[in-house]
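Student: I would like to learn how to read a structure feature by feature. Could you take me through one, with the general idea before each case?

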Amino acid sequence: MTDEQLNELVKKISIKYFDRKFLHKAFFNYRLKTTGGRYNLKSHCIDINPKILEKYSYDILLGVIKHELCHYHLHLLGYSGRHNTKKFIDLLNQVEGSRYVPILERQKNLKYVCQKCGCVYIRHRKINSLKYVCSKCHGNIKLS
Ligand SMILES: [Zn+2]
Ligand SMILES: [Zn+2]
């Protein structure tokens with residue numbers, strides 16, 4: 001899906017579910033890491049994490065867009081649009097948006113190699129290689 005297509009989709013959802021036009025821009029933001037979407041209070045733009053489509057589904061994307069549109073429309077109507085306000089929760093329920101945008105975890109495999117015996121350790125998180133040693137030979141391990 002391109003930014004253009006995303007923008008069209010957001011416009012469509014806005015009319016269909018909110019009965020209001022989306023007059024700003026929506027685009028994929030590759031720098032978003034763990035959040036699925038973000039509404040920018042200054043520019044009124046909606047950022048969507050492209051990983052939602054990679055890791056989840058179209059339905060989840062729709063839920064995220066609805067969620068961000070709740071922020072958008074409430075903000076433009078002069079409400080705070082914060083998550084814990086009644087206005088936000090009511091509107092979100094009305095349009096069946098997702099309450100919580102799924103957390104996108106960065107699950108990048110990190111490969112550590114023992115400098116002495118060459119044993120490989122795969123970890124999902126960065127570890128302090130000064131603190132940990134190879135469990136077989138107690139050699140130093142290094143990120144490769
Ligand atoms: Zn939100
Ligand atoms: Zn070793």
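## Reading a buried residue and two metal sites

Tutor: Let us begin with burial, and keep in mind throughout that this is a predicted model. A residue is called buried when its relative accessible area is under 20%, so N49, at 1% relative accessibility, counts as buried.

Student: Where is N49 found in the chain?

Tutor: N49 sits in the loop between β3 (46–48) and α2 (51–55).

Student: Which backbone oxygens does the side chain of N49 reach?

Tutor: For such contacts we look for pairs of N or O atoms within 3.5 Å. The side chain of N49 reaches the backbone oxygen of T35 at 2.9 Å, and a polar atom of that side chain also lies 3.5 Å from the backbone oxygen of K33. It helps to compare sequence with space here: N49 and T35 are 14 residues apart in sequence, while their C-alpha atoms are 7.0 Å apart.

Student: How should I read a metal site, and which residues are the protein donors of the zinc ion (ligand 1)?

Tutor: One begins with the donor atoms, and then asks where they come from in the chain. For the zinc ion (ligand 1) the protein donors are the NE2 atoms of H67, H71 and H83, lying 2.0 to 2.1 Å from the ion, and these residues follow the spacing H-x3-H-x11-H in sequence. The site links distant parts of the chain, since H67 belongs to helix α3 (residues 58–76) and H83, 16 residues apart from it, to the loop between α3 and α4 (86–95).

Student: Are H67 and H83 buried or partly exposed?

Tutor: H67 is buried, with a relative accessible area of 3%, whereas H83, at 48% relative accessibility, counts as partly exposed.

Student: What is the arrangement of the four donor atoms around the zinc ion (ligand 2)?

Tutor: The geometry is judged from the angles between donors, and four donors count as tetrahedral if all angles lie between 85 and 135 degrees. Here the SG atoms of C114, C117, C134 and C137 coordinate the zinc ion (ligand 2) at 2.3 to 2.4 Å; because the angles run from 97 to 116 degrees, the arrangement is tetrahedral. Along the chain the donors are spaced C-x2-C-x16-C-x2-C. Distant parts of the chain are linked by C114 in strand β4 (residues 110–114) and C134, 20 residues apart from it, in the loop between β5 (120–123) and β6 (141–143). C114 counts as buried at 3% relative accessibility, and C134 counts as buried at 0%.

Key:
Residues are numbered from 1 along each chain as its sequence is written. Chains are lettered from A and ligands numbered from 1 in the order in which they are written. This is a predicted model: local features need pLDDT of at least 70, side-chain atom pairs count only at pLDDT 80 or more; totals for chains, interfaces and linings use all residues. Side-chain values use heavy atoms; hydrogens and water are left out. Helices (H or I, at least four residues) and strands (E, at least two) are DSSP runs, numbered from the N terminus. Buried means under 20% relative accessible area, exposed over 50%, partly exposed in between (1.4 Å probe, protein chains only). A polar contact is a pair of N or O atoms within 3.5 Å; within protein, one must be able to donate a hydrogen and the other to accept it, and residues adjacent in sequence count only if both atoms are side-chain atoms. Donors are N, O and S atoms within 2.8 Å of the metal (3.2 Å for Na, K and Ca); water is not among the atoms, so sites may look incomplete. Four donors count as tetrahedral if all angles lie between 85 and 135 degrees; four count as square planar and six as octahedral if opposite donors are over 155 degrees apart and all others between 65 and 115; anything else is irregular.
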